Number of protein chains: 2
Amino acid sequence: MPSFTSAVAELDASVVKITRSTNLRPVPAPGSPEELSHSHCTDHMATVRWTDANGWETPEVRPYENLSIPPTASCLHYATECFEGMKVYRGYDGKLRLFRPDCNGERLVNSSQRTSLPGFRFEELKRLIAKLMQIDGARWLPKDQPGRFLYLRPTMIGNGPHLGVQTPKEALLFVIAVPWPDPSKKVPEPGTKPGLKLLASHPDTIRAWPGGFGYAKLGANYGPSLQAHGQALAVGFDQVLWLFGQDRQVTEAGASNFFVIWENKETGKREMVTAPLENQLILPGVTRRSVLELSRAELTRPCGDLAPVEVVEKSFTIGDVEQAWREGRIVESFVCGTAYFITPVKLIRNGDVDIDMLGAAENAGYAKQLKTWLEAIMFGKDGKENHEWSYVIEGESDK
Amino acid sequence: MPSFTSAVAELDASVVKITRSTNLRPVPAPGSPEELSHSHCTDHMATVRWTDANGWETPEVRPYENLSIPPTASCLHYATECFEGMKVYRGYDGKLRLFRPDCNGERLVNSSQRTSLPGFRFEELKRLIAKLMQIDGARWLPKDQPGRFLYLRPTMIGNGPHLGVQTPKEALLFVIAVPWPDPSKKVPEPGTKPGLKLLASHPDTIRAWPGGFGYAKLGANYGPSLQAHGQALAVGFDQVLWLFGQDRQVTEAGASNFFVIWENKETGKREMVTAPLENQLILPGVTRRSVLELSRAELTRPCGDLAPVEVVEKSFTIGDVEQAWREGRIVESFVCGTAYFITPVKLIRNGDVDIDMLGAAENAGYAKQLKTWLEAIMFGKDGKENHEWSYVIEGESDK
């Protein structure tokens with residue numbers, strides 16, 4: 001729960017100070033090295049300063065530039081930092097949309113509390129992003145190029161100058177927008193099937209623990225996991241599949257939630273399974289939640305060629321996955337998250353066992369169907385122009 | 001182990017580019033608000049840039065100023081950051097000393113590897129600090145004021161501009177020096193006994209876990225623990241005492257290692273006990289190591305009024321501590337670390353039980369004796385002017 005006191009100012013994105021850049025940056029072409037660098041932001045950024053004494057100051061939209069941070073700042077020493085991953089979509093009707101931005105706002109507030117950063121009314125996040133995209137939207141996502149998106153990174157850091165170990169007394173919330181490669185356009189290596197290869201984590205490295213903070217989108221969950229991630233890449237894998245506990249429960253993939261569709265070994269029924277939220281080990285992904293909600297609404301009865309599935313959030317182990325593969329019960333598998341959207345998994349390596357995840361049908365088509373539904377909502381097409389999960393950004397500047 | 005390749009430059013603190021400040025900062029008086037703020041650094045800082053392509057660049061000593069950091073920098077999102085806590089001491093012989101700086105250098109390298117930052121030859125850290133203190137030492141720790149110290153904060157951050165989740169491709173190692181309140185000068189509240197009050201952590205929040213990174217001095221260990229720390233302060237405690245596991249093992253205090261001296265319930269012998277390093281839950285403190293080494297050398301036989309102790313690193317639970325208190329077996333207890341040095345503990349609250357830690361003798365004197373020995377080494381007095389744990393900084397500028 002956010003903890004504000006009424007004595008200090010709340011975050012109010014309805015009032016924004018705008019300073020326009022006089023030195024516009026080149027817009028990188030799709031697939032260009034600049035885009036692939038994940039570092040080339042749009043012309044402006046949104047920033048809001050917070051102090052313990054006065055609360056939230058007036059939000060600003062101002063030219064993108066480096067931040068000036070004291071060498072003693074809390075975020076550089078104590079990882080008082082958290083973030084969100086979102087996208088802004090240029091729709092087929094020419095409109096800009098966010099996808100369920102209040103889910104991200106609420107999660108950012110939960111994350112910030114976990115690392116002692118300030119709370120705010122989560123609805124303000126989407127309004128702040130709208131102010132930024134009203135300025136940068138037309139130039140960076142041209143209205144005549146539907147189907148494109150920018151990656152958005154709302155971030156909060158403790159940037160006060162006090163080096164003593166203490167809860168932050170100053171903070172900065174900022175939002176940047178970054179051209180990002182479209183994961184659906186990634187071409188597999190010649191001679192290989194599409195899909196991710198996941199490397200199951202080694203028992204000596206654990207991403208999260210009950211009583212820890214695996215459920216919050218804190219920087220602290222990422223830095224210590226990069227070593228295993230780098231080792232996985234070095235041997236030709238795309239992400240780590242994080243396991244937990246003596247029984248080697250499957251929790252989540254490196255930067256996304258993991259789903260498997262299989263025939264249940266007891267009931268023989270087809271199940272879509274993902275790890276549960278209750279033990280707070282995994283990130284409650286917005287795409288995860290949307291996949292679960294859509295699947296429960298549409299896939300529990302026959303849907304085109306797709307047989308119905310039971311949709312289940314429960315603990316399962318890598319041993320369960322291996323057994324399902326050995327018994328020919330794997331139907332399909334995918335990871336989902338904002339950065340990589342919904343991407344099929346073709347292989348999991350666990351120790352010296354390579355588990356083929358494509359299933360007999362080489363992906364039955366559940367992931368593809370879910371992507372189609374979600375893209376319609378994100379990009380405002382196929383009758384989903386006014387879906388309740390969309391937030392349309394009105395009032396774009398012409399340039 | 002540090003992983004350098006011979007193709008890139010290694011860190012070499014023998015060559016430093018020096019840029020002197022032309023705008024010297026006021027030196028705060030001991031006990032002043034500036035000193036108590038833990039934010040008022042000396043005139044200069046040492047910095048060394050690293051890139052994946054070229055390795056370590058030429059170190060610099062340059063005027064203290066804010067860092068210019070891309071909003072996309074790894075350290076702001078993924079907590080690719082680690083640090084050390086050290087002090088530089090003005091000796092009674094007029095010399096500047098570091099205390100076991102290679103221990104800090106080695107730990108910083110271990111920490112940096114754990115969060116995928118670059119390694120270096122750990123001996124270079126003390127040389128880099130020496131370059132900084134040759135410039136700032138005389139003004140900030142005047143030669144005629146022995147017994148004073150500055151807190152040193154060597155820090156490494158991933159500051160490259162790539163937002164994608166990946167091992168850092170750029171990094172900055174910097175060292176800042178901060179006037180710091182002397183913990184031994186802290187006066188207890190009127191009517192209270194000296195010593196810290198520790199609040200045992202609640203089972204729903206843990207600091208570290210096996211397979212995690214509790215043994216490394218990563219920012220990621222601090223941010224998520226500040227909430228519990230702030231709650232402890234709010235109810236009148238000084239630090240959290242972090243417990244782990246179903247059996248509630250005592251691991252460490254908020255920013256320091258925890259020691260208890262008690263009569264062993266089976267043998268009746270007097271023991272000095274602290275948590276072990278093997279399970280990688282706790283930080284391997286330099287003060288902890290020094291306390292253990294000194295105690296094993298000097299306190300296992302009679303020493304003045306102090307009865308001999310057995311020195312033991314082993315797991316023990318808060319239940320063991322409570323039972324020792326109920327049975328009158330507590331002799332003394334203290335925490336130790338660089339920032340708070342060696343400080344007695346007077347009370348631990350565990351749930352609704354207040355455990356009196358002062359012992360029948362109200363601290364037998366072990367902590368006081370250890371402090372005396374260590375201070376002699378740190379400040380070069382009582383025949384310890386040339387101790388092997390000291391590193392004397394030669395070649396100070398006059399001003």
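**How many salt bridges does the rule count over all chains?** Let's work up to that, one exercise at a time.

Ground rules: this is a predicted model, where local features need pLDDT of at least 70 and side-chain atom pairs count only at pLDDT 80 or more, while totals for chains, interfaces and linings use all residues. Residues are numbered from 1 along each chain as its sequence is written, chains are lettered from A and ligands numbered from 1 in the order in which they are written, and side-chain values use heavy atoms, with hydrogens and water left out.

**Exercise 1. Get the salt-bridge total, then work through a pair in chain B.**

Step 1: A salt bridge needs a side-chain nitrogen of Lys or Arg within 4 Å of a carboxyl oxygen of Asp or Glu. Run that over all chains and you land on 44.

Step 2: Try Lys126(B) and Asp102(B), which form a salt bridge with their closest N and O atoms 2.9 Å apart.

Step 3: Lys126(B) sits in helix H4 (residues 123-140) of chain B and Asp102(B) in helix H3 of chain B, so the pair ties together parts 24 residues apart in sequence. Helices here are DSSP runs (H or I, at least four residues), strands are E runs of at least two, and both are numbered from the N terminus.

**Exercise 2. Describe how the two domains of chain A meet.**

Step 1: The assignment, automatic or from a database, gives domain 1 (17-181) and domain 2 (196-379) in chain A. Their C-alpha centres lie 28 Å apart.

Step 2: Count contacts (heavy atoms within 4.5 Å): 25 residues of domain 1 of chain A touch 22 of domain 2 of chain A.

Step 3: Now the buried area, meaning the accessible area (1.4 Å probe) that two parts lose on being put together, summed over both. These two domains of chain A bury about 2,100 Å² between them, with 63% of it on carbon and sulfur atoms. Phe99(A), Arg107(A) and Arg114(A) supply 31% of what domain 1 of chain A buries against domain 2 of chain A, more than any other three residues.

Step 4: Add the polar side. There is one salt bridge between domain 1 and domain 2 of chain A. As for polar contacts (N or O atoms within 3.5 Å, one able to donate a hydrogen and the other to accept it, with sequence neighbours counting only if both atoms are side-chain atoms), 12 residue pairs make them across this interface, both residues at pLDDT 80 or more.

**Exercise 3. Do the same for chain B against chain A.**

Step 1: 61 residues of chain B contact 62 of chain A. About 4,900 Å² is buried between the two chains, 62% of it on carbon and sulfur atoms.

Step 2: Zero salt bridges turn up between chain B and chain A, but 33 residue pairs are in polar contact, both at pLDDT 80 or more.

Step 3: Look for strand pairing, which takes at least two DSSP bridges. Three bridges join strand E5 (residues 67-69) of chain A to E5(B), and the strands run antiparallel. In that pairing, Leu67(A) stands opposite Ile69(B).
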